[in-house]
Amino acid sequence: MRLKLLPVLLLACACSTLGSESEPRPLPPSSGAGPFRKLAADEVPGVAPYVLNSPEAKYRSPSAALDTQGRVSLYAIATIEGQDAVVRSLASDGRSFYGTSIDIGRKPAVVLAPSARRLLSAEVVKSAAGWSLYTLTEDALEVRTSQDGKGFDGPAMRLFWSPTSWMGGVESFGVAEMGGEVRVYLAGNCQIGETRRVGEELVWIDPVSGTPEIEPVLPAKSGEFDCVIDPQVTVTETVDGQALSKMFYIGKTNGVHGVGFAGRFGSDGAFVPNPLPVFRSKALEREPFVLSFDAGALLYLDLDRNDNKEIYRSIAAGTAPADRTLPVYAPYVVD
Amino acid sequence: MGNACVADARDLSAAYYNPSLMSERKRFEAMLGYSYASHHLSLSGRDSNIEPVRGFHAGLATAGTFGKVPFAFGVALHLPDERISRVRALRQEEPRWELFDSRNQRIYFASTVAVAPLPWLELGAGLAFMSSTRGRVDITGNANIFNTSSSTLRHEVDADLTAVRYPQFGVLVRPTNKVALGLAYRGAFQLELDLKARLQGDLGKLTTAYYALESYSVSAFLPAQIAFGGSWAVAPRVRTNLDLTYIFWSSYVSPVPKLAVELDIPTPKEGWPVGIEPPTTPTPVTIVPIRMRDRIVPHIGVEFDAVSTPTFVLQLRAGYEYALTPIPPQRGITNFVDTTRHTFSIGVGANAKDWIPELPDVKVDLVGTYSAMVTTTIRKDSAADLVGNYVAAGHLWNMGVTTSFGF
């Protein structure tokens, strides 16, 4: 009699449920330094991965900052009637800037008027004191300030520094606020050195104490590269409260460019390069600028765009984490 | 009981804890249960979305004598009700909860035989079976690289779930009627994920493409274990158990896939169109050894007969387990995440026998466990690490119910 109940018990095994689709893996922890991928179609208006492009303006040397409304202000050098200027565009998603190949009848606003001097590089830095625009010409590094980042036409302060044995002319630079002071990174002769701004003077900082000469903070041989230029430095904090200085730069090997990443704990000492590039597009990338945005990071840089008629410099963008799909680009915004 | 059952598994769970204890089955028994394990694990405050593991477990045992020697034979089954097998192969840099991410969603089947040659000696052995995965994907046809929706591709998929087995042995000695000592060996098993993919065809009438990928990885590995434990009836209605389990984690095989890739895309006669960049063969990956460390995991448990009559027994149980993580600090490029954990368990068992002669004896056991993961900060040696420092934290809980019938 007892065994007759066994089939009933076995039938109970049939009461199982059906499986469901796995949830997507959440974004893993990341230092926000890549690897980056190019933005794809539907992630930008116009032709991906370009966010600012014009054969006339030849946009280059991007830098970006968030405004008080969380929108991204993107600055770049532009050629206007044969002269170099600095312009600004705006996007709520960091991607839909007016100034792409789609003509909406509006161009990026000029924040530094065109003039005859050639601009090699430019970077806008936002701090508690306001906005600063640093520009590098063939003979000077200048800084101008603004309260709202919409115009930098006031008088310029020229910064100077003493020569070093390993750096010839300065080809590019980066600026960061670190521990209450401004650090300026100068790149030349395929190496990058670090200075502290004291008034109008840039005072070299030696990453290796006790050496007779000032050493670069990132030498030419970094990672897989033989030459480094175009530094951009930011300072963040690790989850356990350590200061982390992050440097993005362009590395070159046999004429091929890539975006490199180097870091250091704290605010002093040499940077340690990651052995592999964090972005590479085979289009002579220059002037990387990484902005933390929307739980990830956006990489802006200038590179050659070939539109089948001509090749000209344009601002392209990438995103990290690379396996993240971004939502469709947002509508244009204007000030 | 904090998994302290090597000398004291009194139901069909003996098939796992110590097969020799199966010899104590004196009649035909059936067991049916359900368990649900929930993982609440996070990395730097972000939920890791580790899926729950849930499913049915069932068992059957029958007993008899061989000559004058009592013996028993049993089978046990775990059947996940979400998926019958799950595999996932990740890059070694990608942070993952190594011991929890998709590890237990597999069919488990075990058969056990046990004898009691002497009144104080029991011996048992068994084989456990798990499912492994092999597969092949073939894609052929024409890929239109200018208008991907116009591509005409044919797909063939061939996948197998194959069985792997590993042995289990156990011995139990009863030096007195109040004390039992048990020793169990559980063999190692590894589930391999073997995938082959091949893509061949035309690329927009420009050129041809051939891409072959072979991936081999160990999608799950459970190292061999030796468990030694004792059970002591300290009072007529109280029993305490202590187990020590030595786990050979040092033999752990890295789950990182080994890839072999072949890519052949000849350059078109007219060169590549503007904007089209042919892919390049991925750089071979150097797999960093995981180097786990062997661990001894202590388990303690106590059981109290709160009610004890000839026809009904109500038992209350509690236990604790301390599992020091076997994974070394992840200071380099790998991110196999685990933390030390403390597990607390409580349980209650109700055993009714001979209440109604027509019905089988019924035993219902409820168990709940809570594991607290020790919050751990993973610090990287290199400031240029792309993952950076992060915090691993969380907890697990598990609930289960088992109903046993003695006929």
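**Stop 1: a cavity in chain A**

Select Ser61(A), Pro62(A), Ser121(A), Ala122(A), Glu123(A) and Phe173(A). Add Asp230(A), Pro231(A), Gln232(A), Glu287(A), Pro288(A) and Phe289(A). Together these residues line the second largest cavity of this predicted model. Its volume is about 70 Å³. The count of cavities of 30 Å³ or more comes to five.

Which strands each supply at least two residues of this lining? Show chain A as a cartoon and pick out strand 3 (60-66), strand 7 (121-127), strand 15 (227-237) and strand 19 (286-293). Now colour the lining by residue class. Six of its residues are nonpolar, three are polar and three are charged.

**Stop 2: backbone points in chain A**

Stay in chain A and go to Lys58(A). This residue sits in the loop between strand 2 and strand 3. What is the sign of phi at Lys58(A)? Phi is positive here, about 45°, although the residue is not a glycine. Most residues other than glycine have a negative phi.

Next, select Ala48(A) and Pro49(A). The peptide bond that joins them is cis, with omega about 5°. Pro49(A) belongs to the loop between strand 1 and strand 2 (50-52) of chain A.

Then move to Gly34(A) and Pro35(A). A cis peptide bond links this pair, with an omega of about 5°. Look for Pro35(A) in the loop between helix 1 (6-12) and strand 1 (37-38) of chain A. Most peptide bonds are trans.

**Stop 3: a surface patch on chain B**

Switch to chain B and turn on the surface. Select Phe169(B), Leu181(B), Leu183(B), Tyr185(B), Ile226(B) and Phe228(B). Add Leu242(B), Leu244(B), Tyr246(B), Ile296(B) and Ile300(B). They form a nonpolar patch, and their accessible area together is about 940 Å².

Which strands underlie your selection? Strand 9 (179-186), strand 12 (225-235), strand 13 and strand 15 (295-308) of chain B each supply at least two of the patch residues. Click on Tyr246(B): this patch member is in strand 13 of chain B.

**Stop 4: confidence**

Colour chain B by pLDDT. Where is the mean pLDDT highest among the elements of chain B, and where is it lowest? The highest belongs to strand 13 (residues 238-247), at 96. The lowest belongs to strand 10 (residues 189-203), at 77. For chain B as a whole the mean is 86, and 90% of its residues reach 70 or more.

Finish with the scores of the model: ipTM is 0.85 and pTM is 0.84.

How values were computed: Residues numbered from 1 in each chain as written. Chains lettered and ligands numbered in written order. Predicted model: local features only at pLDDT ≥ 70, side-chain atom pairs only at ≥ 80, totals over all residues. Heavy atoms only, no water. 1 Å grid on protein atoms, 1.4 Å probe; cavity = no way out; pocket = protein on both sides within 12 Å on 5 of 7 lines; lining within 4 Å. Points joined across faces, edges and corners; volume = space filled by probe spheres on them. Helix = DSSP H or I, 4+ residues; strand = E, 2+ residues; numbered from the N terminus. Nonpolar A, V, L, I, M, F, W, Y, C, P; charged D, E, K, R; others polar. pLDDT = per-residue confidence, 0-100. Patch = residues over 30% accessible without salt bridge, like charges linked within 9 Å, V, L, I, M, F, W, Y side chains within 5 Å. Areas by Shrake-Rupley, 256 points an atom, 1.4 Å probe, with all protein chains shown as cover. Salt bridge = Lys/Arg side-chain N within 4 Å of Asp/Glu carboxyl O.
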